[in-house]
Amino acid sequence: MLPISLAPYGAYSLISWVISGLGAISLALVFALLCAKFPETGGPHVYVKHAFGPAAAFFVGWTYWVISWVSTTAVIVASIGYLTSLFHGDIQNIRLFLEILLFTIITLINLRGVTAAGCVELLLMTVKITALLAIPVTALFFFDRNNFIISEEISSLTMSQVLARSTLLTLWCFIGLESATAPAGSVNDPAKTIPRAIVLGTISVAIIYFINSLAIMGLINGNDLVNSKAPYVDAIKIMFPGNWHLIISIIAFIVCVGSLNAWVLASGQVALGLAEDKLMPQFFAKRNKRGSPFWGITISSVGTSVLLILTSSNNFAKQITSIIDFSVVSFLFVYLACSLAFLKVIIKEKNYYKFLIGSIATTFCCWVIFETSVNTLLIASLFTASGIPIYLFWYCRAPAQ
């Protein structure tokens, strides 16, 4: 869905892809090195706990867990958005029902355990990679650089503001690079397997998504793209006559469901890791007979369902973009905390290569946060602040570890 949000930025969006790609790779290296050093279930909060203690770990873990609900919401909205072309007429009246139905099915799959969710994810990823290579490569044969149009609103901003805003959007595609660390306790040889997955996965995403953005934005005029609800379907309509776009709708839907499945898996594992470290109530640590963190997944799913209802909007592009903004900024808070934790952990090693990686990742996070509007920062910070009541009334009163 990102071409919709990037359309007003024109060719500047391509520069932002390079910036966010390099920033994401530096973050991937940080998480890879941290996971190799601390291969434990839970993800980001684990590393902050080792560097700054349990209180900081609680708020990082809480933010990461809650914001995963918001990210999941955006993916569900995009998934159903791609099915609209399969229906005759507007499905606005039943869209919310379809979103909740889809989410319920994915939740039930994840309740069957990590292995089941992993098998489904492998199949979906194969379809995803095939589609995300075939469609843009074909679209490049129809490329027209005149389709890159910069809107009046964007042209009034400074270069730094333009790049920061568009980088905030492109960074959305890399959000979740750290989610491979969440189920570390359920992965064979996590100190080697997970770092490889994070680094190779992030580099692959950077290349594939840059090609996709270039091809789609070069195929569809920016003025039309910004009003699209399914840009890849619209791309197929331009390139091929007939009903080929209906097949692409289904494939794009599968692509989105793959991301949705991964997020539901990660949210349950994060809650499980927090509970195992006694940073959350212990019922989150309970597993069902298939080893799945039942309460972590269930409560995350309820939170996402509520957000689906609250963010339901007739303005599709606005709904997607606003969710992306708040999600990315909140994740940047988490990434910044982990980058600082990385610097603290490795500073005693006097390894200048690792120190350079940590410094680049920290600088990247600080730059994007600094250039983000105060309003977006304040709203994003509410996700962290929402953990204060839990911290005061449960964590502070819990027995000492």
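How many salt bridges does the count come to? The count comes to 2 salt bridges. I'll come back to one of them. Bear in mind that this is a predicted model.

Confidence first. The protein averages a pLDDT of 82. Of the residues, 92% score at least 70. Where is confidence lowest, and where is it highest? The low end is helix H17, residues 388-395, with a mean of 78. The high end is helix H15, residues 352-371, at 90. Keep H15 in mind, please.

Now, helix packing. Two packed helices are described by the angle between their axes and the distance between the axes. I have three pairs to show.

Pair one is H3 with H4. Helix H3 covers residues 44-52, and helix H4 covers residues 54-81. Their axes come within 7 Å and cross at roughly 165 degrees. Angles over 145 count as roughly antiparallel, so H3 is roughly antiparallel to H4. The crossing of H3 past H4 is right-handed. Who makes the contact? From H3, it is Pro44, His45, Val48, Lys49 and Phe52. From H4, it is Pro54, Ala56, Ala57, Val60, Gly61 and Tyr64. By type, the residues of this H3 and H4 contact are 8 nonpolar, 2 polar and 1 charged.

Stay with Lys49. Side chains of opposite charge can pair when their charged atoms come close. Lysine 49 forms a salt bridge with aspartate 277. The closest N and O atoms are 3.3 Å apart. Where do the partners sit in the chain? Lysine 49 is in helix H3. Aspartate 277 is in the loop between helix H12 (244-276) and helix H13 (294-310). The two are 228 residues apart, and the pair links distant parts of the chain.

Pair two is H2 with H9. Helix H2 is residues 12-37, and helix H9 is residues 190-219. The axes come within 8 Å and cross at roughly 175 degrees. That makes H2 roughly antiparallel to H9. The residues in the contact of H2 with H9 are 23 nonpolar, 4 polar and no charged.

Pair three brings H15 back. Helix H8, residues 159-170, packs with H15 at an angle of about 110 degrees. Their axes are 9 Å apart. H8 and H15 are therefore roughly perpendicular to each other. H8 brings Ser160, Gln161, Leu163, Ala164, Thr167 and Leu168 to the contact. H15 brings Phe364, Trp367, Val368 and Glu371. The split for H8 with H15 is 6 nonpolar, 3 polar and 1 charged.

Key: Residues numbered from 1 in each chain as written. Predicted model: local features only at pLDDT ≥ 70, side-chain atom pairs only at ≥ 80, totals over all residues. Heavy atoms only, no water. pLDDT = per-residue confidence, 0-100. Helix = DSSP H or I, 4+ residues; strand = E, 2+ residues; numbered from the N terminus. Axes fitted to C-alpha atoms, helices over the stretch in contact; angles between N-to-C directions. Parallel < 35°, antiparallel > 145°, perpendicular 65-115°, else oblique. Left-handed = near helix turned anticlockwise from the far one by under 90°. Contact = heavy atoms within 4.5 Å. Nonpolar A, V, L, I, M, F, W, Y, C, P; charged D, E, K, R; others polar. Salt bridge = Lys/Arg side-chain N within 4 Å of Asp/Glu carboxyl O.
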